[in-house]
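Work through the exercises below with the sequence and the structure open. Try each task before you read its solution.

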Amino acid sequence: MTDLVPPQVGSATVLRGYADAMINAFGTPKRVFVRGEGCQVWDADGRRYTDLLSGLAVNALGHAHPTVLAAITGQLSTLGHVSNFFATPAQVALAQRLTELAGEDARVFFTNSGSEANEAAFKITRMTGRSRIVAAEGSFHGRTMGALALTHNPKYRDPFAPLPGDVTFVPYGDADALAAAVDDTVAAVVLEPIQGENGIVVPPAGYLAAAREITARHGSLLWLDEVQTGIGRAGEWFAHSAESVTPDLITIAKGLGNGFPIGACLALGPAAGLLQPGSHGSTFGGNPVAAVAGLAVLGVIERDGLLERSRAAGDRLADALAALAHPLIAQVRGRGLLRGIVLNAPIAAAVSDAALDAGFVINAPRPDVLRLAPPLIISDAELDGFVAALPGLLDAHEAAA
Ligand code: PMP
C-alpha cells in the first residue's frame, strides 16, 4: 500500500521531478505543499503558511474541513462514480439546492471546472439561433478554446487564433458602450460581476442592472460568470445578487467543491429550456463524490453564516488595509473576501514572493495588484497577521529598489 502513495520527500526532489515530468501553466512552482488544515498549509520542508488565496478562490471552507471530509469519505465508500446514463442522490440533491439558490426555475448542467461550465453556457447561447457574443475587455473566462474566445487578454488568446465564435469586446463597466454594442443579432452578453483575473475590478453600481435591461431589450441572454465571485466569495451566494439582477445563465465552479473538481452552468427562466437532454455531455460532470463536497460546502456556508462572515471579514480587512495609509497602496477594492490591493508601482509579483517567504500565500493577478481570496472561515487574527506584515514587505521592496 505504501508503494502507492507519493513518497514524503523534500521540495528540491519534487521540483526536479516536476521539471522533468510536467507541463503546467505557470513554470516552476514557488513551493511544494504537502498538508493543509483550516487556513494553514505546510510545505515539503515543514514551513507553515497562512493561506490567503484558497487555491485561487477555491477552498471556501479551508483545508481538511471535517464536514467536507465526512461527506466525501462517506460517499467514496458507498458509490464513487456511475455514468451519466444514471442518476445519484448526491447529484440531484446538489442540483436542487443550486436551483433553490438561483431561483427562476433554474436547471443545472454539471461540469468539472469553470472553463467547462463556460463551454456549456457557450453552447446554450448557440441554441438561441444567434451566434454573436459581447464580452468585456479585461475578461477572463478560462483557457479551453471556447472560453478563451471570450477571454480578452491577447497574451492568452493570440497564440491560439483562430478562436471560435463571433465575439465583440467592450470596455468593462461602461453601460453606454454595452448598449451601443448590443443589437438583435447578439446571442448573449457575458460578464464577470467583479473581474477577478483582471485585478479585482468592481464595476460601477448599476452596471449589471443596465446589462440586464439592455439584453432584455434585444432578446439576448445575460450570462454572468460567477466562477470566481460565486459561492460566498464576494459575500453573497452570487455576486450579482448585490444588484438584484436575474441573469439567464450563471456559471460557477471554484468555491463549490472546496477543491473537488465540480462546476455548473445554471440556466434560468426560459433559458432553462434551451439545452435539450443529449445535446451536451460530460463523463465526470456531477460525479457523486464531487457533488457531496458541493453539498457540504453549501450546507456549511449556510449553517455557519459564512456569507455574513465573508462580508464582515472582508470589510474589516479592507478598512485595516486602508488604515495602514501606506504610500505604496493606492487603493483597496473588491467585495466580501475577494480583495485587490492596488499598488502605486508594478511590484506586485515581487511583493507576493516576499509574502510567501514571510509565510503568507497571496498572488499578483496584475503587475500592480495583490489578490487576497482567503477561505471564508478565516479568523480576524489570521487576517490581522497579514495586515501587520504588509508594511514591512512593501518597505523592504522599496529599500531594495
Ligand atoms: N471564469 C473565471 C471568472 C475565472 O476566474 C476562472 C479561473 N480563474 C475561470 C473561468 C476558469 O476556471 P477553471 O480554471 O476552473 O477552468
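**Exercise 1: A residue with an unusual backbone angle**

N258 lies in the loop between strand 9 and strand 10. The model is a predicted one. Describe the backbone of N258, and decide whether N258 is buried or exposed.

Solution.
Step 1. Look at phi. N258 has a positive phi of about 55°, although N258 is not a glycine.
Step 2. Count neighbours. There are 30 other C-beta atoms within 10 Å of N258.
Step 3. Apply the cut-off. A residue is buried if 20 or more other C-beta atoms lie within 10 Å of its own. So N258 is buried.

**Exercise 2: A second case**

Find where A325 sits, and decide whether A325 is buried or exposed.

Solution.
Step 1. Locate A325. The loop between helix 11 and strand 11 holds A325.
Step 2. Check phi. A325 has a positive phi of about 45°, and A325 is not a glycine.
Step 3. Count neighbours. A325 has 8 C-beta neighbours inside 10 Å.
Step 4. Apply the cut-off. A residue is exposed if 12 or fewer other C-beta atoms lie within 10 Å. So A325 counts as exposed.

**Exercise 3: The lysine in the record**

Which residue does UniProt list for "modified residue: N6-(pyridoxal phosphate)lysine"? Describe its surroundings.

Solution.
Step 1. Read the record. The unreviewed UniProt entry lists K254 for this feature.
Step 2. Locate K254. It lies in the loop between strand 9 and strand 10 (263-267).
Step 3. Judge burial. K254 has 28 other C-beta atoms within 10 Å, so K254 is buried.
Step 4. List contacts. Leaving out residues up to four places away in sequence, K254 touches L56, A57, V58, G114, V227 and Q228.

**Exercise 4: The binding-site residues**

Where does UniProt place the feature "binding site"? Then compare F140 and Q228.

Solution.
Step 1. Read the record. The unreviewed UniProt entry gives F140, D225, E226, V227, Q228 and T283.
Step 2. Check the spread. These residues span 144 residues in sequence, and the farthest two C-alpha atoms are 25.3 Å apart, so they do not all gather at one spot.
Step 3. Take F140. It lies in the loop between strand 5 (132-136) and helix 6 (145-149). F140 is buried, with 23 other C-beta atoms within 10 Å. Beyond four places in sequence, F140 touches T151, N153, G196, E197 and N198.
Step 4. Take Q228. It lies in the loop between strand 8 (221-225) and strand 9 (249-252). Q228 is buried, with 28 other C-beta atoms within 10 Å. Beyond four places in sequence, Q228 is in contact with A57, E192, G196, R233 and K254.
Step 5. Look for a shared partner. G196 is in the contact list of F140, and G196 is in the contact list of Q228 too.

**Exercise 5: Around the ligand**

Which residues come nearest to the ligand, and which helix gives the most to the shell around the ligand?

Solution.
Step 1. Find the nearest residues. Of the 14 residues around the ligand, S113, G114, S115, V227 and Q228 come nearest.
Step 2. Find the helix. Helix 5 (residues 114-126) gives the most to the shell, with 3 residues.
Step 3. Sort by class. The shell has 3 nonpolar, 8 polar and 3 charged residues.

**Exercise 6: Two domains and a core**

Which two domains does the assignment give, and where does the largest nonpolar core lie?

Solution.
Step 1. Read the assignment. Domain 1 is 11-64 + 305-399, and domain 2 is 68-304.
Step 2. Look at the contact. 28 residues of domain 1 are in contact with 27 residues of domain 2. On the side of domain 1 that touches domain 2, helix 11 gives the largest share, 5 residues. By class, that side has 14 nonpolar, 8 polar and 6 charged residues.
Step 3. Turn to the core. The largest nonpolar core has 117 residues, and L249 is among those with the most contacts inside it. Helix 10 (residues 288-303) gives the most to this core, with 11 residues.
Step 4. Place the core. Domain 1 and domain 2 both give residues to this core, so the core lies between them.

Definitions and conventions
Residues numbered from 1 in each chain as written. Predicted model: local features only at pLDDT ≥ 70, side-chain atom pairs only at ≥ 80, totals over all residues. Domains from an automatic or database assignment. Contact = placed C-beta atoms within 7 Å. Helix = DSSP H or I, 4+ residues; strand = E, 2+ residues; numbered from the N terminus. Nonpolar A, V, L, I, M, F, W, Y, C, P; charged D, E, K, R; others polar. UniProt positions renumbered as here; feature names shortened; annotations may be inferred. Core = buried A, V, L, I, M, F, W, Y, C linked by C-beta atoms within 7 Å. Near = placed C-beta within 6 Å.
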